[in-house]
Amino acid sequence: MGSYEQPSAGGGASSNGSSSSSGTRPAEMDGLLAGAGYKVKAAELHQVARRIERLENVMVNSAADISHLASDTVHYDPADIGSWVDTLLTELNQTVSLPCDLLELPDLPTCPLLDETTTLDNRWVVGQNDQSHHSLTPQQQQFQQLTVVTSMEENSGIRLVHMLMTCADSLQRGELALAGSLIEDMQGLLAHVNTSCGIGKVAGYFIDALSRRIFAAGTIGTGSSSSYCTGSPSEDEVLYHHYYEACPYLKFAHFTANQAILEAFNGHDCVHVIDFNLMHGLQWPALIQALALRPGGPPLLRLTGIGPPSPDGRDTLREIGLKLAELARSVNVRFAFRGVAASRLEDVKPWMLQVSPKEAVAVNSIMQLHRLLGSDPTREPAIQSVLTWIRSLNPKIMTVVEQEANHNQPRFLDRFTEALYYYSTMFDSLEACSLQPDKALAEIYIQKEICNVVCCEGSARLERHEPLAKWRDRLTEAGFRALHLGSNAFKQASMLLTLFSVEGYCVEENEGCLTLGWHSRPLIAASAWQAAPEYEVA
Amino acid sequence: MVHHHESSEEAEKDPQEPSKRPKFSINDDVDILREILKRLDGPSLGVASCVCRLWCSLTRNDDSLWEHLCFRHVSSPPPPSVRPVVVALGGYKRLYMVCVRPVLSRLGDSDRVRKRVWTRHAVQLSLSLFCIDSYERRLSGDASASSLMFLCNPINV
């Protein structure tokens with residue numbers, strides 16, 4: 001071995017805060033390995049040994065050519081030999097293929113990590129053709145220390161992602177024991193990573209979801225593991241409200257849908273809006289106000305709000321209806337409200353809505369249709385019957401807003417990968433909007449979604465998001481024709497985003513539909529539909 | 001010194017006869033005062049409300065002052081149906097403080113809007129946001145509306 005700077009046991013002189021890797025308690029380093037320049041905690045020896053064993057197995061049995069390891073491996077921190085072996089393992093273990101853009105994790109924060117890394121003194125590069133370690137001049141080390149700070153965090157972040165993928169893969173293959181041990185490893189690694197932002201936070205939620213799935217393995221599809229995913233209706237409403245405040249997705253959905261509905265109602269004096277998920281009715285004040293101010297005066301507005309029944313005897317739907325009626329009365333809009341309580345959308349029958357043939361009907365579905373995609377093999381999918389009765393109402397317009405993600409693929413691993421990417425992007429965007437009390441609760445709202453996508457199966461898995469292209473096919477087959485959303489909606493959405501004054505959101509137009517995304521990744525898509533005339537249906 | 005003594009003597013002589021005093025006090029004619037205040041911009045109106053009790057009560061209670069302020073940048077004046085709606089949803093002063101002022105400043109900051117001219121879209125968007133604000137106050141019993149928090153820091157209206 002070449003000469004190298006011996007790291008002192010408590011951390012080098014240049015790494016002031018880096019006394020130990022875990023912050024408060026002193027790490028007990030294995031003395032023998034420390035003499036060779038490797039810092040391994042005595043408690044972790046068995047894990048490192050296990051990993052080296054696995055590495056040996058893979059190297060011996062691997063059919064791939066591994067001679068490149070000898071020539072161009074870049075080793076970032078030999079003191080942390082456990083993680084180095086891990087990296088090698090995942091590189092050699094080619095069973096899991098990541099989409100390449102997953103590695104470019106968005107917006108990793110450059111948090112100062114001097115107090116979280118073991119040591120920055122040693123920065124080794126394995127040179128061309130030798131297996132020993134070269135030393136670097138002090139100046140080179142100094143320079144590289146500056147660049148190594150962020151790459152250490154990125155390194156841990158990337159390792160977490162790799163381990164998440166490996167865990168999901170082993171879950172898919174039914175190797176629960178391996179998955180469980182990976183969960184433990186990941187939770188250990190989480191302690192080394194900043195979990196208040198960036199990849200650490202998202203990874204934390206996914207590790208939590210995976211562990212729920214693993215350790216409640218006998219109850220998937222039944223009550224217990226899914227009980228976390230769906231709270232009581234009033235809890236869900238509160239979380240939804242905070243999600244509405246904290247980020248622009250729901251506002252974008254509401255404003256875009258309202259604009260389309262307003263344009264469709266032009267010239268009609270009796271209009272009826274059917275809302276598939278009333279919640280607190282936050283979408284409707286703006287429509288009521290726009291109708292009040294429309295040239296020619298407001299129409300008679302009927303609103304039918306669908307929502308879950310309230311468990312404690314209160315009639316939440318009616319209360320919201322009353323508040324909306326008060327608002328409508330104050331701006332002189334004739335208004336009537338009806339609430340339809342149903343725990344599942346497929347339980348609603350068209351006669352409950354009491355649609356009159358003289359009125360113009362608008363159907364509004366904000367992130368509801370995907371819940372109908374659960375495939376019970378014994379029956380016709382619920383989505384078909386619901387779309388059929390919607391079409392039978394002959395609505396002037398149906399506004400559909402859905403998450404722009406592919407979380408309904410048959411293979412668990414595919415869903416998991418997609419969800420990891422999607423929710424990382426969403427959490428990033430949430431970080432940029434910093435309304436403190438709302439943000440925390442909005443995160444819980446998103447966390448519940450994540451839990452449902454990852455933990456649940458069968459009828460309990462409600463969050464079956466599908467991308468816009470699939471919805472287009474599905475709706476066209478069901479006898480609907482797309483309506484273009486128009487430039488007014490686009491301008492309004494752009495202006496709304498400007499008001500948010502957060503750089504990074506982008507509104508895009510996609511063949512008449514609008515999508516809102518973060519840094520060119522669309523996250524939510526809004527579209528408008530109309531019943532196609534009979535002769536157009538093939 | 002002598003001059004000062006003279007004028008205060010004069011004032012002491014005729015305190016109850018404003019018509020004899022050569023000076024004209026703006027506070028004597030509230031309508032003229034109102035017309036002038038209508039033409040001020042936001043910060044100036046705020047400063048004006050601190051001048052004296054009369055000015056303060058005018059700016060606080062006379063909503064029409066704020067109506068001018070809200071729509072001064074609009075290229076064409078809003079239709080008359082707007083007024084009852086705004087009044088029902090909370091009044092022009094609140095509209096200005098909670099919606100118009102932050103929206104104007106945000107749009108003015110962005111690169112896409114060179115001049116501070118309101119378009120029809122901006123007006124409509126402001127009114128919609130104002131309506132949501134009014135509704136949320138009804139829902140939560142007049143606590144501070146959170147839907148517009150993304151526009152500005154909490155302020156005392």
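**Figure 1. The secondary structure of chain B comprises 8 helices and 0 strands.** In this predicted model, local features need pLDDT of at least 70 and side-chain atom pairs count only at pLDDT 80 or more, whereas totals for chains, interfaces and linings use all residues. Residues are numbered from 1 along each chain as its sequence is written, chains are lettered from A and ligands numbered from 1 in the order in which they are written, and side-chain values use heavy atoms, with hydrogens and water left out. Helices (H or I, at least four residues) and strands (E, at least two) are DSSP runs, numbered from the N terminus. Read from the N terminus on, the elements of chain B follow the order α-α-α-α-α-α-α-α. Chain B has 157 residues, of which 37% count as buried; buried means under 20% relative accessible area, exposed over 50%, and partly exposed in between (1.4 Å probe, protein chains only). Contact means heavy atoms within 4.5 Å. Among the contacts in chain B with a separation of 6 or more, 61% join residues 24 or more positions apart. The area that chain B exposes is about 9,600 Å², and carbon and sulfur atoms supply 53% of it; accessible areas come from the Shrake-Rupley method with a 1.4 Å probe, and for residues only the protein chains shown count as cover.

**Figure 2. An F-box domain is annotated in chain B.** UniProt, in an unreviewed entry, places this feature at residues 30-68 of chain B. UniProt positions are given in the numbering used here, feature names are shortened, and annotations may be inferred rather than shown by experiment. Residues 30-68 of chain B are 79% helix and 0% strand, and the end C-alpha atoms of the span lie 17 Å apart.

**Figure 3. B:C52 has no disulfide partner.** A disulfide is a pair of cysteine sulfur atoms within 2.5 Å. The closest cysteine sulfur to that of B:C52 belongs to B:C56 and is 8.5 Å away, which is too far for a bond. By this rule, the count over all chains is 0 disulfides. B:C52 is partly exposed, with a relative accessible area of 25%.

**Figure 4. Chain A and chain B meet at an interface.** The size of an interface is often given as the accessible area lost when the parts come together. Here 31 residues of chain A are in contact with 31 residues of chain B. The two chains bury about 2,800 Å² between them, 72% of it on carbon and sulfur atoms; buried area is the accessible area (1.4 Å probe) that two parts lose on being put together, summed over both. In chain A, the residues that lose the most area to chain B are A:L293, A:M495 and A:L499, together 23% of what that side buries.

**Figure 5. B:S128 contacts residues of chain A.** B:S128 is found in helix α8 (residues 120-139) of chain B. B:S128 is buried, with a relative accessible area of 7%. Leaving aside neighbours within four places in sequence, B:S128 is in contact with A:F255, A:A286 and A:Q289.

**Figure 6. A:Q368 occupies a loop of chain A.** This loop runs between β4 (360-366) and α13 (382-392). A:Q368 is buried, at 10% relative accessible area. The side chain of A:Q368 reaches the backbone oxygen of A:I366 at 3.2 Å. Not counting residues up to four places away in sequence, A:Q368 touches A:F276, A:N277, A:L345 and A:E402.

Terms used:
A polar contact is a pair of N or O atoms within 3.5 Å; within protein, one must be able to donate a hydrogen and the other to accept it, and residues adjacent in sequence count only if both atoms are side-chain atoms.
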